[in-house]
Amino acid sequence: MKIQIINGSIFTPQGWTNGGSLFCEEGKIVEISNDNSHRDGWEVVNAEGLIIGPGGIDMHIHGGGGHDFMECTEEAFRTVIATHMQHGTTTLFPTLASSSNTMIRQAAEICTRLMLEEHSPVAGLHLEGPYFNIRKCGGQWPEMIRLADPEEYIALLDAFPCIRRWDAAPELPGALDFGKECARRGVLVALGHTEADYDAVTNGFASGFTHATHFYNAMTGVHNIREFKHAGTIESVLITDGITVEVIADGIHVPPVLLHLVRKVKGTANIALVTDAMAPAGSDSDATFDKNTIIEDGVAKLADRSALAGSIATMDRLVDTIINRCGMSWDDAFTMTASTPARIMHIDDRKGSIALGKDADICIYSPSAQLKYVIQAGIIHRA
C-alpha cells in the first residue's frame, strides 16, 4: 500500500513540518516533503488541522478487549493486540504478571510465533516477575512469587530469545546475579515490586537494573527507621542517573503533579509512558482475568481496595492525560509514548519516530488529543 498523508503538522526528530506530505510505502516511511500536492497512485489521507506523530510503543501491557496475555492462547494475544491497535499502540511487549514456569513457556512460544509474522507489532515478551518482594505484591499473585533461581531463568533465556525485558526486586537474594545474566544477554532489567533502599538500588544498577517498573507504584518512598529518615526506592531512582522510568499515565496511578515532578527530574528522554492495561481495557466489560481484582473509579483495584492493580487505559488515554490534564506539549507526548520507549527497548533503529526508512507506524490526533487515524506498517487500522 502507498499512502500519502497531507496537510497535517508532522513531528520529526528534526522538529515540526507543517502542511507538507508524509509518504509510506511497503510498510516504511519513504519521504517527508514540504509539498502537499497529490501524487498519482498514492492513497491520500487528508490530515488538515491534525497532529501527526509516531505510533505508540507500550512496554508494559497485560490485556485488553476482555482478554489477558496470561491466558496463554493465540486468540487472547491477537485480541489484546487488535484492541490496543485501535487506540494508538502500534508496537507492544506482551506482559505476564508473576507466573508459573509452564505459563511463561506457553506465552513465550506464542510470542515467538507472532514475532515471526511480517510487520508484526509484537516486539518481545515482558516478564513482570516472579522474583519480587512479597511485601510489595500489589496485584501480583502471591503464590507465584519466588526467589530468582538460575536454573529457571537461564533455561528460559536460553530457550526463548523473545524475552526482551524482565522485572525483579534487586534487594532479594540472587537478584543481582539475575540482573547480570539478563543484562549480559541484552535483556532490559527493571526493578519493581520492591522495598529497595538507596544501597539496593545502586547495587542493582551496577548489576544491570537500569529501568524502574510503573514508577511510584509498588515501591517505597522516603520513610523513617526509628527517628531517622531514609531514602526509599523512589528517591533513589530519581537521583541515580542512568535509570529510566516508566509511568502509568492514566491520571490515576500517578497524579499530574507527580508526572510533572518526574519529568522535571528525569526529563522526557528518560520517561516512557505505559498503560499497564488489564483485560477490560478497550472493552465494555468489567471482568478481569484475576478474580481478586475489581474495576472501580476508572482503574483496576484489589478487591479489598488495599492497592491499585493495573489500569484500563489505552495509549490514546495516555496522550490525553499528557496534553489535557498535565498541559505538556505534543513533543513531550510523542517522546514519552514512542521515542523514549523505542530507545529503552533497543528498537529505535526502526521505530519510535517519523524518519526516513523507519517503520510506517503513525498516529494522527486532533489538537485536543482525540485519536483520528492509526497506521501500522503502512496499513490503516483506524480512520
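**Salt bridges and cavities in the predicted model**

Lys28, Lys351, Asp359 and Asp361 are linked in a network of salt bridges, a salt bridge being a side-chain nitrogen of Lys or Arg within 4 Å of a carboxyl oxygen of Asp or Glu. This is a predicted model, so local features need pLDDT of at least 70 and side-chain atom pairs count only at pLDDT 80 or more, while totals for chains, interfaces and linings use all residues. Residues are numbered from 1 along each chain as its sequence is written, and side-chain values use heavy atoms, with hydrogens and water left out.

Inside that network, Lys351 and Asp359 pair up at 2.8 Å, N to O. Lys351 is buried, at 7% relative accessible area, and Asp359 counts as buried too, at 14% (buried is under 20% relative accessible area, exposed over 50%, partly exposed in between, with a 1.4 Å probe and protein chains only).

Lys351 and Asp359 turn up again, along with Asp361, in the lining of the largest cavity. On a 1 Å grid over the protein atoms alone, a cavity is a set of points where a 1.4 Å probe fits but cannot get out, and lining residues have an atom within 4 Å of a point. A search of the whole structure finds two cavities of 30 Å³ or more, and the largest has a volume of about 40 Å³ (the space filled by probe spheres set on the points, which are joined across faces, edges and corners). Its lining has two nonpolar, four polar and four charged residues. Here Ala, Val, Leu, Ile, Met, Phe, Trp, Tyr, Cys and Pro count as nonpolar, Asp, Glu, Lys and Arg as charged, and the others, Gly among them, as polar.

The second largest cavity comes in at about 30 Å³, and its lining has no charged residues, just six nonpolar and three polar ones. Met315, Phe334 and Tyr365 are among the residues that line it.

Back to salt bridges: the structure holds 20 of them. Arg185 forms one with Asp158, the closest N and O atoms being 2.8 Å apart. Arg185 sits in the loop between helix H4 (175–184) and strand S14 (188–191), and Asp158 in helix H3 (residues 150–159), so the pair ties together parts 27 residues apart in sequence. Helices (H or I, at least four residues) and strands (E, at least two) are DSSP runs, numbered from the N terminus. Another salt bridge joins Glu181 and Arg184 (2.7 Å, N to O). These two are three residues apart in helix H4, which puts about one helical turn between them. Glu181 is buried at 14% relative accessibility, whereas Arg184 is exposed at 61%.

How values were computed: On a 1 Å grid over the protein atoms alone, a cavity is a set of points where a 1.4 Å probe fits but cannot get out, and a pocket is an open set with protein on both sides within 12 Å along at least five of seven lines; lining residues have an atom within 4 Å of a point.
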